[in-house]
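Thank you for sending this structure for comment. Please look through the sequence and the model first, and then read the points with both at hand.

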Amino acid sequence: MYDVVVIGAGVIGSAIARELSRYEMNICVLEKHSDVCCGTSKANSGIVHAGFDAKTGSLKAKLNVLGNSMYDEYSKELDFPFERNGSLVLCFSKDDIHVLEELKKQGERNGVPELEIIYAQELKEKEPNISDEVVAALVAPTGGIVDPFKMTIALAENANVNGVEFKFNSKVESIEKIDDNYKIITKDGIYESKIVINATGVYSDYFNNMISEKKLKVTARRGEYCLFDKIAGDVVTHTIFQLPSKLGKGILVTKTIDGNLLVGPNAVDLEDKDDVRTTREGLEDIMFKATKSINNIPKNAVITSFTGLRSVEEHDDFVIGEVEDSKGFINVAGIQSPGLSSAPAIGVLVKDIVANRLNPNKKADFNGKRKDIVKFSELSNEERNKLIKNSPEYGNIICRCELVTEGEIIDAIKRPLGATNLDGIKRRTRAGAGRCQAGFCTSRTVEILSRELNIPQTDVTKFGEDSYILVGKNKENI
């Protein structure tokens, strides 16, 4: 019997698990994939929104602004990359400046600090590549960028070190309420818990509707992105938004925390909650719309494209709290943008709900700090030489594009909740995330995974399940 079972190991489930690990409770996280950060949390803009966009009084607005304010300390404690690069909302017509002013007022009502409106000349000084069509912009200095992979992994690792169990490849098939507790049936076992936390993204309505007469409707909204090589990373320094219009919010252009350029997303509502295809039409559309904001986008520098799914609740707000007709079942549903920005605050909110219900004791030995994998590419030559002297595997470069060493890959495998496949290595170290998109480093990474996990190379996968990289040795099946 668990005190709490969290379903879903994305950034929200992991943030909740980390906050709950402060208490003397028996906690488990169930995840249907082979690793943390395999759903929406791995395919988004990586933006920490300032909080001006959400409707005043909404849960989104409250948790966005609070979550944003927590990021500086949060990133230091858990050692993941975060930068306040600031954001700009572009206005393309003098007739729309009043809309920009209303957006500023909404942000101020929400509690966003330091908002100001600037005009074309000053804007050009801040962003030389901004479109000549832009007449004004709303500046939000508290906007930021973050590595959503490393953040989610950091949260999960810290929760695990503090006693939270993680069960991967554990797809939940059904949930039953039995007296005051819950039976959670997965494909490989049954779990019982006093409290269930539903942090399942686009499937949050599916699990709520198993338990409650008050039904939810969550739509999967596809967003496609183009990621550019680092040679394009200095095209902009801020995160660039377009002023919302009758056609929607428009396309954003931003540098990423790792120095790339990112453009997207579009918005297409889907029936299929697993449809993460990219489309030619969608990618061409976002590239065309991005040129409205920025001059000189180097279209020939795109190195990959991807799709993320946003979880859109029909009333367009977060749904967080205990279900009225099923006490102990806590929804964390409809967590679309600004979900990543709000994650630290959501973790605290849900922790308080659980603590008020179970009244657990706080741990005397909770350790809220965590150190990331050493990033060889950022070390000085003196630091590199010292590291190689102590651990020679750091002298073996595996990924040339991102300068990732064998030592980093071994650490990624051996640390808490370590990587078990190629995507797990990529999210933890960036091996395979560079210009060649794993064209050179895949074979060596497969060898290291095979050796460190003590499995045949033919058992190594890209992302778990049946995504095998190799089928046998050369000429083996002839």
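The numbered points go from the whole chain to its domains, then to one helix and a few single residues.

1. Please keep in mind throughout that this is a predicted model. Its secondary structure consists of twelve helices and 22 strands, and it may help to find these by eye before reading about any single residue.

2. On overall dimensions, the chain has 478 residues, and a compact globule with that number would have a radius of gyration near 23 Å; the chain has 23 Å, so the value agrees with what a compact globule would give. Taken along the principal axes, the box filled by the C-alpha atoms is roughly 60 × 60 × 50 Å.

3. On burial and contacts, 54% of the 478 residues are buried, where buried means a relative accessible area under 20%. If we take the contacts between residues at least 6 apart in sequence, 72% of them join residues at least 24 apart. This second figure is worth keeping in mind when you reach the point on Y2 below.

4. On the surface and the charges, the accessible surface comes to about 21,600 Å², and 48% of that belongs to carbon and sulfur atoms. There are 63 positive side chains and 71 negative ones in the chain, and the centres of these two sets lie 2 Å apart.

5. On domains, the chain is divided into domain 1, made of residues 84-143 together with 219-312, and domain 2, made of residues 376-459. The contact between them takes seven residues from domain 1 and six residues from domain 2, while the centres of the two domains, taken over C-alpha atoms, are separated by 33 Å.

6. Helix α10, which covers residues 406-414, deserves a careful look, since seven of its nine residues are buried and the helix is therefore mostly covered. The buried residues are E406, G407, E408, I409, I410, A412 and I413. What do the buried residues of α10 pack against? Their partners are the strands β21 (397-399) and β22 (404-405) and the helices α11 (422-429) and α12. As background, an α-helix has 3.6 residues a turn, so residues three or four places apart point the same way.

7. Two peptide bonds should be checked in the viewer. The bond from G264 to P265 is cis, with omega near -10°, and P265 has its place in the loop between β16 (261-264) and β17 (268-270). A cis peptide bond also joins S337 and P338, with omega about 10°, and P338 lies in the loop between β20 (329-333) and α8 (339-358).

8. Two residues have a positive phi although neither is a glycine: for N454 the angle is about 55°, and for E465 it is about 50°. N454 is found in the segment after α12 (442-453), and E465 is also found in the segment after α12. Are these residues buried or exposed? N454 is exposed, because its relative accessible area is 70% and the cut-off for exposed is over 50%; E465, at 53% relative accessibility, counts as exposed as well.

9. Y2 shows how residues separated along the chain can meet in space. Y2 has its place in strand β1 (residues 2-7) and counts as buried, because its relative accessibility is 11%. The C-alpha atoms of Y2 and S193 are 191 residues apart along the chain, yet they are separated by 4.4 Å. If neighbours within four places in sequence are left aside, the contacts of Y2 include N26, I27, C28, E165 and S193.

10. I185 and D180 can be read together with strand β11. I185 is found in β11 (residues 181-186) and is buried, with a relative accessible area of 18%, whereas D180 lies in the loop between β10 (172-178) and β11 and counts as exposed, because its relative accessibility is 61%. Not counting residues up to four places away in sequence, I185 touches K171, V172, E173, S174, E176 and I190. From C-alpha to C-alpha, I185 and G424 are 26 Å apart in space and 239 residues apart in sequence, and D180 and I7 are 18 Å apart in space and 173 residues apart in sequence.

Technical notes:
Residues numbered from 1 in each chain as written. Predicted model: local features only at pLDDT ≥ 70, side-chain atom pairs only at ≥ 80, totals over all residues. Heavy atoms only, no water. Helix = DSSP H or I, 4+ residues; strand = E, 2+ residues; numbered from the N terminus. Rg over C-alpha atoms; globule rule 2.2 N^0.38 Å. Buried < 20%, exposed > 50% of the residue type's maximum accessible area, 1.4 Å probe, protein only. Contact = heavy atoms within 4.5 Å. Areas by Shrake-Rupley, 256 points an atom, 1.4 Å probe, with all protein chains shown as cover. Lys, Arg positive; Asp, Glu negative; His and termini not counted. Charge placed at Lys NZ, Arg CZ, Asp CG, Glu CD. Domains from an automatic or database assignment.
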